[in-house]
Amino acid sequence: MNDLASRAGAMLDTIDIENVGPRRIGRLAAYDGLMLEATGFREPVGANARVIDADGHAALAEVVGFRGDRTLLMALDADAPHSCGARVEPDRRGTSVEVGDALLGRVIDALGNPIDGLGPIATKARWPLAGKRSNPLDCGRVTEPFDFGVRAINALLTAGVGQRIAIAAGSGVGKSVLMGQMLQGARADVIVVGLVGERSREVSDFLATKLDNVRHKTAVVAVPADHPPILRLRAAMRATAIAEYFRDQGKRVLLLIDSITRVAHAQREIGLSLGEPPTMKGYPPSALGLIPRLIERAGVDTRTGGSITALYTVLADGDDTSDPIVDTARAIVDGHIILSRALAEQGIFPAIDVGKSLSRVMTDIISPEHATAARTLRRLWSVYEDNRDLILMGAYKDGSDPSIDAAIAHHPLILEFLRQGQKELVSLNVSVTQLVDNFGA
């Protein structure tokens, strides 16, 4: 009995009553199917809330703004039966996420709940959902090559440790196949995948076919397209926060967000609901401003020696690479890979358009021989593409231009160099050797 009393006393001693204020409870005043308005609920933007629905269950919502003396909340459960005057309670779990080694090999949703049927996840550490603000000078330079196991990327678009890369393409051009190859071939300590806004079938297919040999070191955050926009937005932020935690442990992390376009669509829904003016293609300013904030969280950390090499897929609607989301992402990343529907229709996978793709860190991390061979291949590719119509119509006469003759002669070799089987992995050293042997001086 004395032991029980002493333990109870120790617990009570930890409570600082003098610094505890009243717990403010609000009331639901309006709900339009997406946005909730509460009175008497003075919580900051980003805070979580519990709305007691008509069945007596607590449905989660997040504070996203204010209108007069009313607090605007975005429902995390779109199907909850809310009623006018419902009780709105604060929930303190919204500003940080659970992180730790226990997440590896697991699949969770945007709220951190396991959805893989493998039981609860025991994590002790926490990390801010929006990340920790850091000094720009703590973000190190990209100086070391990153091996992705894909010949065309290793040789022609050489990536570096800590680089941010956008993969842009229309639907059905092979983004998923390329992502699977890059995940299988990546030399990383930890892989974090955020599957945002995709079809539910694609989520299970991705887990079954793209993570065969790397599942044990991969943490997956999956939120399909039928979930509320705030959950889709949170999925990308949670995946990035998990990657930041492992980087803080000094590990080499590969982060994949599929897709950044769905994240922007989610922010568009939220922004328009808050009354933001639509701009290009209906995107409000907050949707375009979200992309740099999310992408800038990746990179090399000079304090810990850890790094986040990030891949962001971008859906180019109608193969339009001038789409606002494609343009915004391409402007902030350190390199972009454009997939060509014309190559995909010829059965060439990965269908990388060499002329339109670029790695901005490549010249800093490769040898002069490698750079010379890559420039030669790019020049031959560009000459052929510029004169494609003449060549295919038979209007070009052999011997008229030596550069065009060389481009025509090397074109089958270039296509064969780009082509790679879905299960085939080609290391960085082998890729560079093949490039230099075929296209070197």
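Helices, here taken as DSSP runs of H or I with at least four residues, are numbered from the N terminus, and in this scheme Val-177 is found in helix 3. The model is a predicted one, and the description below proceeds from this residue to the overall architecture, the surroundings of helix 4, the nonpolar cores and the aromatic pairs. Val-177 has a relative accessible area of 28% and is therefore partly exposed, since buried means under 20% and exposed over 50%. When residues up to four places away in sequence are not counted, Val-177 touches Lys-210 and Gln-422. The C-alpha atom of Val-177 is separated by 9.7 Å from that of Lys-423, although these two residues lie 246 residues apart along the chain.

At the level of the whole chain, 14 helices and 20 strands are assigned, and the C-alpha trace spans about 95 × 50 × 40 Å along its principal axes. The chain comprises 441 residues, of which 52% count as buried. Among contacts between residues at least 6 apart in sequence, 72% join residues that are at least 24 apart.

Helix 4, formed by residues 200-209, contains the buried residues Val-203, Phe-206 and Leu-207. Viewed down the axis of helix 4, these buried residues fall within an arc of 95°, and they therefore line one face of the helix. On the face turned away from this buried side, helix 4 carries the exposed residues Arg-201 and Ala-208. The packing partners of the buried residues of helix 4 are helix 3 (175-185), in which Val-177 is found, together with strand 8 (107-108), strand 14 (190-196), strand 15 (218-223) and strand 16 (252-258).

Strand 15, one of these partners, has six of its six residues buried and is therefore largely enclosed by the rest of the structure. Burial extends to both faces of strand 15, with Thr-218, Val-220 and Ala-222 on one side and Ala-219, Val-221 and Val-223 on the other. Strand 15 pairs with strand 8 in the parallel sense over two bridges, and it is also joined to strand 14, again in parallel, by six bridges. Val-220 of strand 15 has a residue opposite it in each of these pairings, for Val-107 stands opposite Val-220, and Val-193 likewise stands opposite Val-220. The chain passes from strand 14 through helix 4 to strand 15, and the resulting β-α-β crossover is right-handed.

The largest nonpolar core holds 65 residues, of which Phe-148, Leu-156, Ile-337 and Leu-435 touch the most other members. Helix 11 (residues 368-386) gives the most to this core, contributing eight residues. Another core, of 59 residues, lies apart from it and includes Val-99, Ala-166, Ala-264 and Ile-325. With residues up to four places away in sequence left out, Leu-156 touches Arg-151, Val-354, Met-362, Ala-374, Leu-377, Arg-378, Phe-417, Leu-418 and Leu-435. Two of the residues in contact with Leu-156, Arg-151 and Phe-417, are also in contact with Ser-431. Ser-431 lies in helix 14 (residues 428-439) and, at 0% relative accessibility, counts as buried. Beyond its neighbours within four places in sequence, the contacts of Ser-431 further include Val-150, Asn-154, Ala-155 and Val-426.

Four aromatic pairs are present in the structure. In one of them, the ring centres of Trp-127 and Tyr-245 are 6.5 Å apart and the planes stand at 75°, so that the pair is edge-to-face. This pair links distant parts of the chain, with Trp-127 in strand 9 (residues 125-128) and Tyr-245 in helix 5 (residues 229-248), 118 residues apart. Trp-127 and Tyr-245 are both buried. A second edge-to-face pair is formed by Phe-417 and Phe-439, with 6.2 Å from centre to centre and 85° between the planes. Here too distant parts of the chain are linked, Phe-417 being in helix 13 (residues 402-418) and Phe-439 in helix 14, 22 residues apart. Phe-417 and Phe-439 are likewise buried. Ring pairs also link Trp-127 and Tyr-245 with Phe-246 into a cluster.

Note on methods. Residues numbered from 1 in each chain as written. Predicted model: local features only at pLDDT ≥ 70, side-chain atom pairs only at ≥ 80, totals over all residues. Heavy atoms only, no water. Buried < 20%, exposed > 50% of the residue type's maximum accessible area, 1.4 Å probe, protein only. Arc of directions from axis to C-beta. Contact = heavy atoms within 4.5 Å. Core = buried A, V, L, I, M, F, W, Y, C linked by side-chain atoms within 4.5 Å. Pairing = 2+ DSSP bridges. Right-handed = clockwise from strand over helix to strand, strands pointing away. Phe/Tyr/Trp six-rings, centres within 6.5 Å; stacked < 30°, edge-to-face > 60°.
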